[in-house]
Amino acid sequence: MNYIRMSAIVIITYVLISGIAIPIVPQPQGWFEFPVIPGLEEKARNIFFHVPTAWTTVVAFLVSMWYGLRYLRTRNMDDDLKSEASAGLGFMFCVLATITGALWAKFNWGSFWNWDPRETSIFILLLIYGAYFALRSAIEVEETRARLSAVYATLAGLTVPFFIFVLPRIVSGLHPGAKGDPEGAGPVVEFKMSPSMLVVFILGLIGFNLLYVWLLNVRVRTARLEYRRSTPQG
Amino acid sequence: MSGYVLRAWNIVVRLLRDNTMIEFFAQHQLYIVLGVVLLIWAGIVGYLMRLDGRVRKLEESGK
């Protein structure tokens, strides 16, 4: 865990420094300069932070589904705790991705919310996982709550790839990667990353995922302590 | 721990008194943003590490 913690700190610090401080110029001379992306300009730096946040959402929801499935197989309460913790973190990252996306949309698409397929699908995901927590809080019997939540987490997890990877690509929209925009040459901006940007971007994805693993570890350990306190024999 | 904080604080004060550094930041304002972001990130990491430590203590006391 120490390696994960230190790697998360080092990688995210590097992404913050290079993502914010590396100048964006028309003719980049090397890895220390980013090219101008027409339509995005300085806003292109958002790619290093907004996209990894959205990506971590997907990972967290899929991990929640995985532990939900494991609970259904093993009936081990620890799997239920992990499933809930991961769904909670996924929800948090999903809210952050929605807010940062809306902020970015205001300055690229003209308004905070456009009901673009990508925005609509992330909104539906927020509703789906909001309902997951409503379901959990509505059931008092521990085993029933864990069993129903695991089934729900599995079904909810199955919808994640559809809403994130499929729906926004089969319907035309404003977001890069929408239907008719396989190369990222969207209706608003031409979205292509240079190798220097790609390195920072991939490190951003890795760093945010490591941060998620660290947060999940702390959340699961506190959940275990809470669980032991509520059931001394458990 | 407090020794490190005091030393870091002294460095910050010395750098802020140095006019060339202030001028540099006045001309390259993006680095002010970077400083703010890094401070926030350092705060979050510090908080998380403290939280991690406290959870570990609770786990050990429960054994």
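This is a guided tour of a predicted two-chain model, with a suggestion at each stop for what to select next.

Before setting off, note that residues are numbered from 1 along each chain as its sequence is written, and that chains are lettered from A, with ligands numbered from 1, in the order in which they are written. Because the model is predicted, local features need pLDDT of at least 70 and side-chain atom pairs count only at pLDDT 80 or more, while totals for chains, interfaces and linings use all residues; side-chain values use heavy atoms, with hydrogens and water left out.

**Stop 1: chain A as a whole**

Select chain A and colour by secondary structure. You should find six helices and two strands, where helices (H or I, at least four residues) and strands (E, at least two) are DSSP runs numbered from the N terminus. Along the sequence, the order is α-β-β-α-α-α-α-α. The C-alpha atoms fit a box of roughly 65 × 40 × 25 Å along the principal axes.

Of the 234 residues in chain A, 47% are buried. Here buried means under 20% relative accessible area, exposed over 50%, and partly exposed in between (1.4 Å probe, protein chains only). Among the contacts (heavy atoms within 4.5 Å) that join residues at least 6 apart in sequence, 69% link residues at least 24 apart.

**Stop 2: the largest nonpolar core**

Next, select Ile12(A), Leu211(A), Tyr212(A), Trp214(A), Leu215(A), Leu216(A) and Trp41(B), which touch the most other members of the 21-residue largest nonpolar core. Such a core is a set of buried Ala, Val, Leu, Ile, Met, Phe, Trp, Tyr and Cys residues joined through side-chain atoms within 4.5 Å. Two or more residues each come from helix H1 (2–21), H2, helix H3 (77–108) and helix H6 (195–230) of chain A, and from helix H3 (30–62) of chain B. H6(A) gives the largest share, eight residues.

Stay with Tyr212(A) and show its surroundings. Beyond its neighbours within four places in sequence, Tyr212(A) contacts Thr56(A), Val59(A), Ala60(A), Val63(A), Ser86(A), Leu89(A) and Phe93(A).

**Stop 3: a buried threonine**

Move to Thr57(A), in helix H2 (residues 47–74) of chain A. Thr57(A) counts as buried because its relative accessibility is 2%. Measure from its side chain to the backbone oxygen of Thr53(A) and you should read 3.0 Å. Outside the four places on either side in sequence, Thr57(A) is in contact with Gly90(A), Phe93(A) and Cys94(A).

**Stop 4: charged pairs within chain A**

Now for salt bridges, each a side-chain nitrogen of Lys or Arg within 4 Å of a carboxyl oxygen of Asp or Glu. The count over all chains is 10.

Select Asp78(A), whose side chain takes part in two of them. One is with Lys82(A) (3.5 Å, N to O); the two residues are four apart in helix H3 of chain A, so about one helical turn separates them. The other is with Arg224(A) (2.7 Å, N to O). That pair links distant parts of the chain, with Asp78(A) in helix H3 and Arg224(A) in helix H6 of chain A, 146 residues apart. Asp78(A) is buried at 18% relative accessibility, and Lys82(A) is buried at 17%, whereas Arg224(A) is partly exposed at 26%.

Then select Asp79(A), which forms a salt bridge with Arg70(A) (3.5 Å, N to O). Asp79(A) is buried at 1% relative accessibility, while Arg70(A) is partly exposed at 29%.

**Stop 5: where the chains meet**

Finally, show both chains. The contact takes 15 residues from chain B and 17 from chain A. Together the chains bury about 1600 Å², 76% of it on carbon and sulfur atoms; buried area is the accessible area (1.4 Å probe) that two parts lose on being put together, summed over both. On chain B, select Trp41(B), Leu48(B) and Asp52(B): these lose the most area to chain A, together 35% of what that side buries.

Which charged residues should you display here? Arg5(A), Arg221(A), Asp52(B), Arg56(B) and Glu59(B) are linked in a network of salt bridges. Arg5(A) and Asp52(B) pair through their side chains (2.7 Å, N to O), and the interface has three salt bridges. The side of chain B that touches chain A has 12 nonpolar, no polar and three charged residues, with Ala, Val, Leu, Ile, Met, Phe, Trp, Tyr, Cys and Pro counted as nonpolar, Asp, Glu, Lys and Arg as charged, and the others, Gly among them, as polar.

Note on methods
A polar contact is a pair of N or O atoms within 3.5 Å; within protein, one must be able to donate a hydrogen and the other to accept it, and residues adjacent in sequence count only if both atoms are side-chain atoms.
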